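Thanks for making the time, everyone. I would like to walk through one model this morning, going from the sheet outwards, so please have a look at it before I begin.

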Amino acid sequence: VRLPKEDEREYFRGTLRERIVIALTVGQVMSDKGLSFLEQAMKEHPETKLLMNGHVAGKFLKEEKEVANKYNIPYSIISSQENKTDIGAVLTYDYAIHKEDIFMKENEESNDEATNKENDSAFLSKVKKWFGYDS
């Protein structure tokens, strides 16, 4: 007997789209691009749980587990043989929240990264001015 929206549940590691705060692709989990987004979402949504793709090597999930433990977010590793999905991790509630944007865009940066780049750029500008290279 199949549950309603079974394909959606399989794609999103056992939960439904309407319950998700953030969904990271396997690539975002493996490259750690999504870690700061995940951590921010955990701070803002302490009543959630983290579902991770069991087909992602454990070494790539280590930091996600550490962040989940830091914020007392329970986590599960979901491995189903027949399930082919590019979803690496989802932060989810047990009920619908209907959040519109659940995916991290590839070109997004965390606030920390953006601030660091601005600071680096400002510093570089000062150095150029000191040496007469400002244009």
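I will start with a pair of residues: M52 stands opposite I77 in β3, where strands are DSSP runs of E with at least two residues, helices are DSSP runs of H or I with at least four residues, and both are numbered from the N terminus. Before I go on, a word on conventions: this is a predicted model, in which local features need pLDDT of at least 70 and side-chain atom pairs count only at pLDDT 80 or more, while totals for chains, interfaces and linings use all residues. Residues are numbered from 1 along each chain as its sequence is written, and side-chain values use heavy atoms, with hydrogens and water left out.

Back to those strands: β2 and β3 pair in the parallel sense over four bridges, pairing being called if DSSP finds at least two bridges between two strands. A further pair in the register is N53, whose bridge partner in β3 is I78. Together with α4, these strands make a right-handed β-α-β unit, meaning that, with the strands pointing away from the viewer, the path from the first strand over the helix to the second runs clockwise. The helix in question, α4 (residues 58-70), lies across β2 and β3 and runs at about 170 degrees to β2; such angles run from 0 to 180 degrees between N-to-C directions, with axes as lines fitted to C-alpha atoms, for helices over the stretch in contact.

How are the strands ordered in the sheet? The sheet is open, has four strands in the order β1-β4-β2-β3, and shows mixed pairing. Because β1 (20-25) and β3 (75-78) stand at the edges with a single partner strand each, one side of each is left without a neighbour in the sheet. Neighbouring strands here are turned by 15 degrees against each other on average, direction ignored.

On the other side of β2, the pairing with β4 is antiparallel, over four bridges, and in β4 the bridge partner of L51 is V90. Four of the five residues of β2 are buried, so this strand is largely enclosed by the rest of the structure; buried means under 20% relative accessible area, exposed over 50%, and partly exposed in between, with a 1.4 Å probe and protein chains only.

Strand β4 (residues 87-92) is joined to β1 by five bridges, and the two run antiparallel. There, L24 stands opposite A89. Helix α3 (residues 35-44) packs on the sheet, touching β1, β2 and β4, and its direction makes about 165 degrees with that of β1; touching, or contact, means heavy atoms within 4.5 Å.

Let me stay with A89, which is buried, with a relative accessible area of 1%. Leaving aside residues up to four places away in sequence, A89 touches several others, including I22, V29 and L50. A89 and E64 are 25 residues apart in sequence and 8.8 Å apart in space, C-alpha to C-alpha.

One polar residue also deserves a look: Q28, in helix α2 (residues 26-30), is buried, with a relative accessible area of 2%, and its side chain reaches the backbone oxygen of M104 at 3.0 Å.

To close with the whole protein, its secondary structure comes to five helices and four strands, and buried residues make up 33% of its 135 residues. Among contacts between residues at least 6 apart in sequence, 80% join residues at least 24 apart.

Definitions and conventions
A polar contact is a pair of N or O atoms within 3.5 Å; within protein, one must be able to donate a hydrogen and the other to accept it, and residues adjacent in sequence count only if both atoms are side-chain atoms.
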